[in-house]
Amino acid sequence: MAEQTKYLLDESELPTHWYNLIPDLPAPPPPPLHPATNEPVGPADLAPLFPMALILQEVSTDSYIEIPEEVRDVYRLWRPSPLYRARRLERALGTPARIYFKYEGVSPAGSHKPNTSVPQAFYNAQEGIRRLTTETGAGQWGTALAFASSLFGIECEVWQVRASYDQKPYRKSMMEVFGGVVHPSPSDLTEAGRKILADDPDSPGSLGIAISEAVEIAAQNDDTRYALGSVLNHVLLHQTVIGEEAITQMAMAGDTPDLVVGCVGGGSNFGGLAFPFLREKLKGNLDCEIRAVEPAACPTLTRGIYTYDFGDTAGMTPLLKMHTLGHDFVPDPIHAGGLRYHGMSPLISHVYELGLMTAEARQQSECFAAGVQFARTEGIVPAPEPTHALASTIDEARRCAETGEEKVILTALCGHGHLDLAAYDKYLAGDVQDFDYPQERIDEALTRLPNPDL
Ligand SMILES: *Cc1c(COP(=O)(O)O)cnc(C)c1O
């Protein structure tokens with residue numbers, strides 16, 4: 001009999017609920033604080049930025065939240081997404097390990113981001129919001145939000161990090177095709193942007209700066225709200241459709257993972273795949289390692305400190321307790337634009353502090369090597385971000401080839417790299433540099449924490 005490589009679910013098996021990990025944890029994550037009072041922020045503090053439905057999800061202690069039928073209807077355009085067994089990669093590595101990957105590149109934006117942009121646009125439209133503002137690094141989130149906004153009849157304005165605005169012109173085209181309006185960040189449209197430009201007219205920008213700009217416009221306009229593509233609890237919540245489907249698909253394959261591994265920028269694709277498996281682990285149904293992989297050039301979990309910091313550069317957001325490299329961190333220009341955020345999801349940071357997961361940092365050249373090997377065996381060109389998880393997967397599978405261990409590895413292939421080919425060109429030309437984030441810069445950034453005593 002032919003070997004099965006693809007595990008597909010029927011539309012009727014699309015999850016009906018998102019899974020909230022928080023009530024299953026041994027301790028709740030520390031709350032966001034108001035920077036002026038250092039008191040926990042309440043729903044009213046967040047109302048200028050987010051619709052109430054999302055604020056309530058952000059603080060929910062319900063284990064399951066029903067996915068609105070209008071959202072499931074859009075999800076059906078590409079969900080349930082496929083799970084594959086990477087048999088050709090296994091053979092190329094000569095490994096007894098069994099490698100599975102959950103592929104989110106089949107979405108309209110080519111990544112996992114529409115799993116949350118669609119419900120976010122839906123709830124905003126339901127509450128009568130006319131316009132959404134947001135930031136985007138690599139362009140994936142801006143594309144996903146422009147797509148979702150077009151479906152629900154709202155405007156979408158995107159501040160794109162200058163470096164990637166210049167490097168990835170086709171992302172801008174895609175946002176515009178979906179009806180989005182795109183500004184390079186820093187821009188002269190906001191106080192926050194003008195301040196940065198006054199200091200450095202050639203600033204390459206950063207996610208933190210772009211967030212400040214998008215938040216500023218939303219806070220100043222009644223008909224406008226802000227949308228965030230990662231980091232926050234409600235975003236990770238929406239992404240759990242990935243893990244819920246994968247649990248069913250792994251059961252179809254007759255395997256249970258010994259290792260669940262994903263890349264982390266703000267933590268949403270990783271949390272989306274891992275949290276339903278972590279639920280099973282906490283219930284004692286599964287014994288597996290859950291591993292996050294980040295770039296050595298932006299080592300938030302492995303070298304950042306766990307403290308309260310701003311989510312943006314200008315200091316307009318609530319204080320979030322998270323692993324951070326300092327809110328004014330401007331990353332080296334590595335190609336995995338989606339992994340260059342100075343902080344980490346507070347929920348992922350908390351899970352890491354509880355010892356429920358592991359983390360490692362990898363250099364971009366080994367990640368591109370893994371991406372190329374994956375493309376040449378499995379036929380999918382991965383986005384630069386998930387190649388971090390692939391490098392970890394391939395290392396693990398090689399170790400198994402030496403020890404004979406039949407480890408089952410499940411990895412998140414959270415997007416394709418069709419708009420990242422310029423980065424692959426550079427790699428193939430031998431032109432990709434490795435960076436270690438210098439310790440002096442971490443130490444220095446930590447002198448500017450909003451309140452080091454928290
Ligand atoms: C945005 C993005 C990331 C990083 O964000 P997370 O919230 O950590 O998932 C990773 N990969 C791809 C393809 C992305 O678009």
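**Helix H9**

I started with glutamate 191 and arginine 194, which sit 3 residues apart in helix H9 (residues 191-199), so about one helical turn separates them. I looked for a link between their side chains and found a salt bridge, at 3.5 Å from N to O. Arginine 194 is partly exposed, with 39% relative accessibility. Note to self: this is a predicted model, and side-chain atom pairs count only at pLDDT 80 or more.

**The salt bridge list**

How many salt bridges does a search of the whole structure find? I got 31.

I picked out aspartate 420 and lysine 168, whose side chains meet in a salt bridge at 2.7 Å, N to O. Aspartate 420 is in the loop between S15 and helix H17 (421-428), while lysine 168 is in the loop between helix H7 (162-167) and helix H8 (169-177), so this pair ties together parts that lie 252 residues apart in sequence. Buried or exposed, I wondered about aspartate 420? Aspartate 420 is buried, at 3% relative accessible area. Lysine 168 is buried too, with a value of 11%; the cut-off for buried is under 20%.

Next I pulled up arginine 448 and aspartate 328, a salt bridge whose closest N and O atoms are 2.4 Å apart. This one also links distant parts of the chain: arginine 448 is in the segment after helix H18 (439-445), and aspartate 328 is in the loop between strand S13 (319-324) and helix H14 (346-353), 120 residues apart. I checked accessibility here as well. Arginine 448 comes out partly exposed at 34%, and aspartate 328 is partly exposed at 28%.

I then looked for salt bridges that share partners, and one network turned up, joining Glu289, Arg291, Glu396, Arg399 and Lys407.

**Histidine 335**

Where is histidine 335? I found this residue in the loop between S13 and H14. Histidine 335 is buried, with a relative accessible area of 12%. I listed its contacts, leaving aside neighbours within four places in sequence, and got Lys168, Gln364, Phe368, Pro384, Ala423, Lys426 and Val432. Lys168 on that list is the residue I had already met in the salt bridge with aspartate 420. For Pro384 I also took the C-alpha distance: 6.6 Å from histidine 335, with their positions 49 residues apart along the chain.

**Strand S10**

Why call strand S10 (residues 259-263) largely enclosed by the rest of the structure? I counted 5 of its 5 residues as buried, so the description follows.

Then I sorted the strand by direction. Leu259, Val261 and Cys263 point one way, Val260 and Gly262 point the other way, and all are buried. That is the pattern I would look for, because side chains in a regular strand alternate between the two faces of the sheet.

Which strands pair with S10? I found strand S11 (residues 289-295), in the parallel sense, over 5 bridges. In that pairing, valine 261 stands opposite arginine 291, and Arg291 is one of the residues in the salt bridge network above. I also found strand S15 (residues 408-413), which runs parallel to S10 and is joined to it by 3 bridges. There, leucine 259 stands opposite isoleucine 409.

Last thing I looked up was the connection between S10 and S11. Together with helix H12 (residues 268-282), the two strands make a right-handed β-α-β unit.

Definitions and conventions: Residues numbered from 1 in each chain as written. Predicted model: local features only at pLDDT ≥ 70, side-chain atom pairs only at ≥ 80, totals over all residues. Heavy atoms only, no water. Buried < 20%, exposed > 50% of the residue type's maximum accessible area, 1.4 Å probe, protein only. Helix = DSSP H or I, 4+ residues; strand = E, 2+ residues; numbered from the N terminus. Pairing = 2+ DSSP bridges. Right-handed = clockwise from strand over helix to strand, strands pointing away. Salt bridge = Lys/Arg side-chain N within 4 Å of Asp/Glu carboxyl O. Contact = heavy atoms within 4.5 Å.
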